[in-house]
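Me: I am new to this structure and would like a close look at a single part of it. Please choose one element and explain how it is built and what surrounds it.

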Amino acid sequence: MKHWQCFKCGHEVFSNHDPTPINWTDGHKCVFMEVRSMEDRIGRMALRTWDIIGHDVLQVVPMMSKAEVVEVVCDADHMKMYGDDPQAYDHWRSLTFDEQTETVAKAFPFEYYTM
Ligand SMILES: [Zn+2]
């Protein structure tokens, strides 16, 4: 079951399918967006960041282990610059170093990364 919420009024819906927009009599129309867990958002943030920096990094180091990829993604405010989710970034920053690394590592399924 997925969790959806109208980003204008906060109305919540639980459904496996995209909820149809609800038109209320007062003229408000609910527009639903899927509510994702913080862990999911951090993973997406990490993948977006790797999408942007990965190409340049792999030109210098043609093959990287998962641990190295995670290190680069977590390094130097990269996710702040490229992650595109300030709320998830703040949450991630509040975690311990081990938790930060673990959450990001979950987003990368492969043992090695290459061009
Ligand atoms: Zn609404």
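Reply: What follows is a careful look at one helix, beginning with the chain around it. The model is a predicted one, and its chain holds five helices and seven strands, which run along the sequence in the pattern β-β-β-β-β-α-β-α-α-α-α-β. The chain is more spread out than a compact globule, because its radius of gyration is 18 Å, well over the 13 Å that the globule rule gives for 115 residues. Measured out along the principal axes, the C-alpha trace covers about 60 × 30 × 25 Å, and buried residues account for 15% of the 115 residues. The domain assignment divides the chain into domain 1 (2–34) and domain 2 (38–114), and the centres of these two domains, taken over C-alpha atoms, lie 31 Å apart.

The part to examine is helix 1, which takes in residues 38–60. With 23 residues at 1.5 Å a residue, helix 1 should span 33 Å, and this agrees with the 32 Å between its end C-alpha atoms. Helix 1 nevertheless carries a kink of about 50°, and that kink is centred on Ile53.

Which residues of helix 1 are buried? They are Ile42, Met45, Ala46, Thr49 and Trp50. An α-helix has 3.6 residues a turn, so residues three or four places apart point the same way. The partners against which the buried residues of helix 1 pack are helix 2 (66–74), helix 3 (78–82), helix 4 (86–93) and helix 5 (97–105).

In soluble globular proteins, nonpolar side chains tend to be buried together. Here the largest nonpolar core has twelve residues, namely Ile42, Met45, Ala46, Trp50, Val69, Val70, Val73, Met79, Ala88, Trp92, Val104 and Ala107. Helix 1, helix 2 and helix 4 each give at least two residues to this core, and helix 1 provides the largest share, with four residues. One member of the core, Val70, can be followed further along the chain, since leaving aside residues up to four places away in sequence, Val70 touches Thr101, Val104, Ala105 and Phe108. Of these contacts of Val70, Val104 is itself listed in the core.

For the chain as a whole, if one takes the contacts between residues at least 6 apart in sequence, 65% of them join residues at least 24 apart.

How values were computed:
Residues numbered from 1 in each chain as written. Predicted model: local features only at pLDDT ≥ 70, side-chain atom pairs only at ≥ 80, totals over all residues. Rg over C-alpha atoms; globule rule 2.2 N^0.38 Å. Buried ≥ 20, exposed ≤ 12 C-beta atoms within 10 Å, placed from the backbone. Contact = placed C-beta atoms within 7 Å. Domains from an automatic or database assignment. Expected span 1.5 Å × (residues − 1). Bend = angle between axes of the 7 residues up to and from the residue. Core = buried A, V, L, I, M, F, W, Y, C linked by C-beta atoms within 7 Å.
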